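Hi,

Here is the structure I promised to pass on to you. Have a look at it first, and then read my notes underneath.

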Amino acid sequence: MLEARVRAHTASQREVRRARIVLLVAAGLGTREVAWRVGVAETTVVRWRDRFLAEGLDGLEDRPRSGRPRTFGPQVRLRIVAAATSEPPYPYDGWSHRLIAQQVADTGISPSQVGRILASLEIKPHRVRGWLTRPEDPEFFTKAAEVCALYLNRPPGSIVVSIDEKTAMAARSRKHPEQPAAAGRPRLREFEYVRHGTVSITAALDVHTGQVVVEELPRGDSAHFIAFLTRLDRTIPRELTVHLVLDNGSAHVSKATRTWLAAHARFVPHYTPKHASWLNQVELFFSLLGRRVLRHGDFSSRQDLLDKVCAFTLAHNETARPFRWHYDGRPRQTDPAPAPAAKEPA
């Protein structure tokens, strides 16, 4: 058993070392020779030799350790947990270790000890994760499947257009010029900036070609949305049925918009479920726009920002391809709230 322990790849180093000591002693080597071969002190060899002679294999195990008794008992720990899992006092919006220590100041506990206690219990009051409370929508997967069916199988004689708005894009310029990247150094950017206002756009994505049309949006109301639809009506060939993929924005579901859609029968709206704008494929184009133009962009004016957005759209259209979309809108067996498996073009 000792030899097997020495050969085992999963045995800990201390187990292997103790087994080697006993085996070398049993082979007739002296204490000093064993200590030299194993790389330990002679007293260590004597300890494990004697314990093995007295107790066998059990003697090679660690003795139970009592450890230092806890300075703060369970009542103090309960008070700390109760504070960390309750609302913080006015006007604070969250707990810190120092604030919790002040709440239980009569115990004399320090903020660092509060942190150790919470860490041992895996309680992290400083962290926040957002979530959405919403009523169950019995039509969620019905609507999701309807939209995804348009993406995966375009109806004959039709075009599928995904429309949405991207609002409040900030036009900001840095007070001093950036410094380009150099060997061993990233691009340097000035911290201070000047605001020049914001820009909003409306975008329409042809789902099955990847082509995008972008237009400035002065106001996000029904009148401007209807004007955008009217321009699409004049541009898209009359023989095509236009399937619109829309979210539930106020301009998309207003009475005026529904009246216009009713008067233009070839426009067929398909609304994504509430709180499921990720089903609208034009959001993927907005993601590209944000990462490649807006995130690190420097804009001298609102017009400069709008010009760069339009230039990016034209460059995108030159090599545009449809996004790869695999999610079919059906609930998964292991995930009641599935996410799309959509990727940008390679």
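Below is what I found in it, starting with the sheet, then the helices, then a pocket.

Please keep in mind that this is a predicted model.

The sheet

Five strands come together in an open sheet, and walking across it you meet them in the order β3-β2-β1-β4-β5. The pairing is mixed. At the edges sit β3 and β5 (267-271), each of which pairs on one side only. Ignoring direction, neighbouring strands are turned against each other by 30° on average.

If you would like one strand pair to look at in detail, try β2 and β3: they run antiparallel and are joined by five bridges. There you will find L205 standing opposite V212 of β3.

Helices on the sheet

Which strands does α9 touch? Helix α9 packs on the sheet with contacts to β1, β2, β3, β4 and β5, and its direction makes about 130° with that of β1. Helix α8 (residues 140-152) also belongs in this part of the picture: it lies across β1, β4 (241-246) and β5, and runs at about 130° to β5.

Two helices that cross

Elsewhere in the chain, helix α5 (residues 74-84) packs against helix α7 (residues 111-120) at an angle of about 80°, and their axes are 10 Å apart. With that angle, α5 is roughly perpendicular to α7. On the α5 side the contact is made by R77, I80 and A84, while α7 brings V114, I117, L118 and S120. Sorted by class, the residues of this contact are five nonpolar, one polar and one charged.

The second largest pocket

What lines the second largest pocket, and which residues lie nearest its centre? Its lining has 14 residues, and those nearest the centre are I159, D206, V213, L232 and I236. The space in this pocket comes to about 220 Å³.

The pocket also ties back to the sheet and to α9. At least two lining residues come from each of β1 (158-174), β2 (193-206), β3 (212-216) and α9 (222-235). Of these, β2 gives the most, with three residues. By class, the lining is made up of 10 nonpolar, three polar and one charged residues.

If you want a short route through the model, you could begin at L205 and V212, go on to α9 where it packs on the sheet, and finish at the pocket lined in part by β1, β2, β3 and α9.

Happy browsing, and best wishes!

Methods:
Residues are numbered from 1 along each chain as its sequence is written. This is a predicted model: local features need pLDDT of at least 70, side-chain atom pairs count only at pLDDT 80 or more; totals for chains, interfaces and linings use all residues. Side-chain values use heavy atoms; hydrogens and water are left out. Axes are lines fitted to C-alpha atoms, for helices over the stretch in contact, and angles run from 0 to 180 degrees between N-to-C directions. Helices (H or I, at least four residues) and strands (E, at least two) are DSSP runs, numbered from the N terminus. Angles under 35 degrees count as roughly parallel, over 145 as roughly antiparallel, 65 to 115 as roughly perpendicular and the rest as oblique. Contact means heavy atoms within 4.5 Å. Ala, Val, Leu, Ile, Met, Phe, Trp, Tyr, Cys and Pro count as nonpolar, Asp, Glu, Lys and Arg as charged, and the others, Gly among them, as polar. On a 1 Å grid over the protein atoms alone, a cavity is a set of points where a 1.4 Å probe fits but cannot get out, and a pocket is an open set with protein on both sides within 12 Å along at least five of seven lines; lining residues have an atom within 4 Å of a point. Grid points are joined across faces, edges and corners, and a volume is the space filled by probe spheres set on the points. Two strands pair if DSSP finds at least two bridges between them.
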